[in-house]
Amino acid sequence: MKSKIILILLAGLSGILFNSCKTQEPMDQKVEKLLSQLTLEEKVSLIHGNTYFTTPAIPRLGIPALHLSDGPCGIREENAPDSWNSANWKNDSTAYFPALTSLAATWNPELATEFGNAYGEEAVVRGKDIMLAPGLNIHRTPLNGRNWEYMSEDPFLTARMAVPYIKAAQAKGISVCAKHYALNNQEQDRGTINVEASERALREIYLPAFEASVKEGEVLSVMGAYNKFRGKFACQNPYLLQDILKGEWGFRGLVMSDWGAVHNTMEAATSGLDLEMFPIDGKGNNYYMGQPLLDSIKAGKLDAKVVDDKVRRILYVMVKLNIIGKSEPDTTGMAAHLGTPEHAKTALKIAEESVILLKNSQVLPLNLKTIKTLAVIGDNATRKHAHGGGSTIIKAKYEITPLQGLQQKLGNSVKINFAQGYDISKDLKTVNQALITEAVKTAASADAVILFGGLNHEPGLDDEGTDKPDMKLPYGQNELIKAVIKANPNTVVVMLAGSPVEMGDWLSDVKGLLYNSYLGMETGTALAEVLTGDVNPSGKLTYTLPVKLEDSPSYVLGEYPGKNGTVNYNDDLLVGYRYFDTKNVKPMFAFGFGLSYTVFSYDNLKIETSGKAESLTITLTFDIKNTGNVKGKEIAEVYVRDLESSLPRPFKELKGFAKVDLKVGESKSVKIKLNQRAFQYYNPEKKQWVLEHGKFEILVGSSSDNTRLKQQIEL
Ligand code: BGC
């Protein structure tokens, strides 16, 4: 019997608009009343920080301080007020959730909701009002040091995972903060680089996740980026902030700067920025939107009204959070509510569903009947990743490493021998031959080998502030992996990396390959479950893995990292799979790819069209069957191809997906609805999204390069 699931993943941006509040609602009256009671000096004090992560309170009116905190993987350890040092609290260890790349790799919006719930609860316990996440930038180049903090190369997937995360976290009574708005797609020169991108690339690739966060997620805060866009810093950019964010999208919340991303008083004051964070000189009370702004108003150079709009938005967020009149949060006793078993369970669930199986020549799951000795090799088998990466730093309640995970899972039934394999204490290119020799010996005497390699959060890898120098595996890992495979062909490589690395040197020789981003506090547990087959892997790639850096669109079509202070996005719409598809370049592993321990068949695609324009609905139904021997989850991906566009479009684009849980032999009917946005492109002349009539092809695939079902429709 077929059971029926209904999964509706709207391609468009329907939902209740954030700006639908009428101006005379009590909340607005409350804001206006408070605003009218503030002196100009008080207003100016509210539009910048007073410590690294707070704004000042105005006790006479019950206006509280805002407590801000990083970051995307959990609540950052408490920061000292006036430095980047830790405050050295003893009770602020928290849950460490998987990186957003991992969350997105689950392709499961329900898990984004669970993430948001747990994350929001921890933020409340820590007394935070605004959490500085999610990061919604697009993976444009494989080299970006912060790709692992962002979800994907695809705007649709990013938007679909961001919206439930935002809604769930904010429902707990905090604001999250969509960052870094916009076009912060590289760390190199991030504070000075000017991005030139076409209007279509802006609207179709780089903004949709922010747009959905505002219109559907009703996000209360947005963080401006460090870089410039079309010559103006993102935090001083009226086109991005006023015209698009606040104008077109009707954003009513507050826009804060990234830390130190403001450069000029007049430009910041008049461009739509509401809150400047981080003092000019890194200390004291010195802000562009502080004394210099007050002086400009007093000198008649600036209308005092510009401050009103900023304060109005800050008060609006406070009223929404219901914190007016509230005293400082009481955080005594919080330790018991942080990193709880429930939150750890959420972290584990996400980690398990995010594991991506890229290759399996009958080596996985591990055959525990025949394996008596297991070699575990690689620095990442024992490395903890919570306390690294830049502003995402987490003081984790605990972090189970891959080695610990396997030890816990296998107990005494299998003898585990560990060898470090590579050394991360030297530079990225140093090969430690002694460690390789030792690893080879350990591998040769084992029945099977699991080699944990990849990247980490050391400078120059998956880390804030710099990009990776290349796409190569660091620390001589290629040499290590080749030598280990030679010593024992029964080898599985498990990559922990938040961005692509080249694997061509050994890929054809390795029997098994898992690719994961950073998996949080239960890393080892999740990996052990998958390696032993108690969890069937069901993650899929959220970005393309190119064979080599020189194949990637930002390299071929350029530019990256830019020339003379400007990076031209000549790759335009051809970011990620849009490039590989359109230009027919074969990647190592395609966007959306991921294997399972079982096999799925697709059948019976039916497409129905109803309504027009705003109410246009294309309903796809098709069957997926588990034809293998174990239960598993499959992600079906829906791509739309415009066959008759008058403007060039990428070969196809992701516009829907559904994750289906299937028992052995079970078949389910999947329903996915697309609305008009799934077929539209942005017309820069008309300055709007347009639907051109004509033929479209709907492709249903198990990855971007494996179409299982397709049909043409005419709109
Ligand atoms: C990062 C932001 C972060 C902020 C505060 C900046 O350097 O770009 O993502 O939220 O610091 O730590």
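The exercises below work through selected helices and sheets of a predicted model, each with a stepwise solution.

In this predicted model, local features need pLDDT of at least 70 and side-chain atom pairs count only at pLDDT 80 or more, while totals for chains, interfaces and linings use all residues. Residues are numbered from 1 along each chain as its sequence is written, and side-chain values use heavy atoms, with hydrogens and water left out.

**Exercise 1. Determine how helix α4 and helix α12 pack, and which residues meet.**

Step 1: Locate the elements, bearing in mind that helices (H or I, at least four residues) and strands (E, at least two) are DSSP runs, numbered from the N terminus. Helix α4 covers residues 109-125 and helix α12 covers residues 341-354.

Step 2: Take the geometry, where axes are lines fitted to C-alpha atoms, for helices over the stretch in contact, and angles run from 0 to 180 degrees between N-to-C directions. The two helices pack at an angle of about 150 degrees, and their axes are 10 Å apart. That angle makes α4 roughly antiparallel to α12 (angles under 35 degrees count as roughly parallel, over 145 as roughly antiparallel, 65 to 115 as roughly perpendicular and the rest as oblique).

Step 3: List the contacts (heavy atoms within 4.5 Å). From α4, the residues L111, E114, F115, A118, E121 and E122 meet H343, T346, K349, I350 and E353 of α12. By class, the residues of this contact comprise four nonpolar, two polar and five charged (Ala, Val, Leu, Ile, Met, Phe, Trp, Tyr, Cys and Pro count as nonpolar, Asp, Glu, Lys and Arg as charged, and the others, Gly among them, as polar).

**Exercise 2. Place strand β24 in its sheet and describe its pairing on the way.**

Step 1: Assess burial (buried means under 20% relative accessible area, exposed over 50%, partly exposed in between, with a 1.4 Å probe and protein chains only). Strand β24, residues 695-703, is mostly covered, with eight of its nine residues buried.

Step 2: Identify the partners, given that two strands pair if DSSP finds at least two bridges between them. Strand β19 (residues 632-642) pairs with β24 in the antiparallel sense over six bridges, and V640 stands opposite I698 of β24. Strand β25 (residues 706-714) runs antiparallel to β24 and is joined to β24 by eight bridges; here I698 faces Q711 and G701 faces T707. β24 and β25 form a hairpin, with two residues between them.

Step 3: Assemble the sheet. Four strands form an open, antiparallel sheet in the order β20-β19-β24-β25. β20 (653-662) and β25 each have a single partner strand, so one side of each is left without a neighbour in the sheet. Neighbouring strands are turned by 20 degrees against each other on average, direction ignored.

**Exercise 3. Establish the strand order of the six-stranded sheet and find a helix that packs on it.**

Step 1: The six strands form an open sheet with mixed pairing, in the order β10-β15-β14-β13-β11-β12. Its edge strands are β10 (356-360) and β12 (415-419), each pairing on one side only.

Step 2: At the β10 edge, four bridges join β10 to β15 (residues 512-516) in antiparallel fashion, and I356 stands opposite Y515 in β15.

Step 3: Helix α16 (residues 523-532) packs on this sheet, touching β13 (448-454), β14 (491-496) and β15, and its direction makes about 150 degrees with that of β14.
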